[in-house]
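Here's a quick briefing to read with the structure open in your viewer. Have a look at the fold, then work through the points below.

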Amino acid sequence: MSTIVVFSHLRWDFVFQRPQHLLTRLARQHRVLFIEEPVLDEGGPVRMECLERGPNLTVCKPHTPLHATGYHDDQIALVLPLLSELVPPGERPVAWFYTPMALPLLQALRPRLVVYDCMDELASFANAPKQLLQRETALLKLADLVFAGGPSLYEAKRQRHPNAHCFPSSVDVAHFSSALDRSSSHPAQEAIPGPRLGFYGVIDERIDLALVDAVAAARPEWQLVLAGPVVKISEDSLPRRPNIHYLGQQPYDALPRLLAGWDVCLMPFALNEATRFISPTKVLEYMAAELPVVSTAIADVVNPYGHVVSIADGADAFVAACEAALALHPEARDSMRATMRDTVARTSRERTAEAMSALILGSPDRAMDEAQEEVPSLPRTARHA
């Protein structure tokens, strides 16, 4: 069984999304080591904490005394020696990157293959590290395989890599279709009257908070339910009205029960650089629950889901689309649900993971030292920290 060493900017126990879905399935054929960003441990020694999260799947948390965040150069100098203890001597693992910032850690491995699974254009996000674009250029130069998380990202990356593959978001239909039992609504929203219009996901600079506020102000009888962690923005920036309800981060298992109590699903994304290439997983999850969906004009939602998702530009249009969704006649609702069933039936996380695994297993091993040639070197102060 081959080993995949994954370098991620997202923590395994954060929102359950693309990395968790794919790697849980890939762990059926490969041993997966999921390396998180370092955590601060001022009083303890530099060490690697390893936690089993499933068969053949281990989450590795480097502990260091440094306050530097993420894959900072100073952190990398301390983490490098820890990696050599994870892979058996002589084994050549697959190195899998979710963030180019971890690229210097490749020095600790002799990978047979380098994979870049690009799920977001991270350089467009708030507080992106200044070295990110440089390191992504280096990663694209040495990667053997590039996976793109949506059509927009694929179009951008295939111009920069000859072996790029589009693997859009898919959905665990069985999990989210349990929301079809509308009596199973989550207890956290029992006291919230209807109609409920809901969103779940990370609440950050990608969410149009002014739009959320405008919808709530325009229709005070509607209840807007937002479930998810608030990240990179201040809690003080969130709109506050009696009909806006924040439920905080919810576990993956709870999401169908939230959906079961909603009348309309919302995707109130801002149209900015941070959302230019996003391909929201939740659109298929909402469809698996067979609920009306209203979204702003995100490119990877308009195409290919514009025939079943209501696309609205501006607050007035968004309110009107929500009104139409709430007022759907039974015949129109039945037609919508049939289209949604057909759409989600054509996607599968199982097939995505199998296709990725086939590409990995079918790719020739790279030369022994080829991966090290293009790895960005660390500044002298970091190398000798």
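In which sense do strand β14 and β15 pair, and over how many bridges? They pair in the parallel sense, over 2 bridges. Bear in mind that this is a predicted model. The rest is sorted by topic: strands, helix packing, then a few residues in loops.

**The open sheet**

- Strands β14 and β15 belong to an open sheet of 6 strands with parallel pairing, and the order is β12-β11-β10-β13-β14-β15.
- The edges are β12 (244-246) and β15 (310-311), each of which pairs on one side only.
- For a handle on the β14/β15 pairing, pick serine 295: its bridge partner in β15 is isoleucine 311.
- Helix α6 (residues 209-218) packs on this sheet, where it touches β11 (223-227) and β12. The direction of α6 makes about 150° with that of β11.

**The β4/β5 hairpin**

- Strand β4 (residues 47-54) and strand β5 (residues 57-64) run antiparallel and are joined by 7 bridges.
- One bridge to click on links leucine 51 with valine 59 in β5.
- The hairpin has 2 residues between the strands, and asparagine 56 takes a positive phi there, near 65°.

**Helix on helix**

- Two packed helices are described by the angle between their axes and the distance between the axes.
- Besides packing on the sheet, α6 packs against helix α10 (residues 315-326), at an angle of about 55° and with the axes 9 Å apart. The two helices are therefore oblique to each other, and their crossing is right-handed.
- On the α6 side, the contact uses Leu211, Ala214, Val215 and Ala218, which meet Ala315, Phe318 and Val319 in α10. Sorted by class, that's 7 nonpolar residues, with no polar and no charged ones.
- Helix α1 (residues 18-26) and helix α12 (residues 349-362) have axes that come within 9 Å and cross at roughly 65°. That makes α1 roughly perpendicular to α12, and this crossing is right-handed.
- Arg18, His21, Leu22, Arg25 and Leu26 in α1 meet Arg349, Glu350, Thr352, Ala353, Met356 and Ser357 in α12. The class split for this contact is 4 nonpolar, 3 polar and 4 charged.

**The loop between α5 and β10**

- Glutamine 189 sits in the loop between α5 (173-176) and β10 (196-200). Is glutamine 189 buried or exposed? It counts as buried because its relative accessibility is 0%.
- Leaving aside residues up to four places away in sequence, glutamine 189 touches Arg196, Val225, Leu247, Arg257, Leu258, Gly261 and Trp262.
- Proline 195 is in the loop between α5 and β10 too. The peptide bond leading into it from glycine 194 is cis, with omega near -5°, so check that your setup keeps it in view.

**Positive phi in other loops**

- Lysine 232, in the loop between β11 and β12, has a positive phi of about 70° although it isn't a glycine. With 38% relative accessibility, lysine 232 counts as partly exposed.
- Glutamate 290 lies in the loop between α8 (282-288) and β14. Its phi is near 60°, a positive value in a residue other than glycine. At 6% relative accessibility, glutamate 290 counts as buried.

Methods
Residues numbered from 1 in each chain as written. Predicted model: local features only at pLDDT ≥ 70, side-chain atom pairs only at ≥ 80, totals over all residues. Heavy atoms only, no water. Axes fitted to C-alpha atoms, helices over the stretch in contact; angles between N-to-C directions. Helix = DSSP H or I, 4+ residues; strand = E, 2+ residues; numbered from the N terminus. Parallel < 35°, antiparallel > 145°, perpendicular 65-115°, else oblique. Left-handed = near helix turned anticlockwise from the far one by under 90°. Contact = heavy atoms within 4.5 Å. Nonpolar A, V, L, I, M, F, W, Y, C, P; charged D, E, K, R; others polar. Pairing = 2+ DSSP bridges. Buried < 20%, exposed > 50% of the residue type's maximum accessible area, 1.4 Å probe, protein only.
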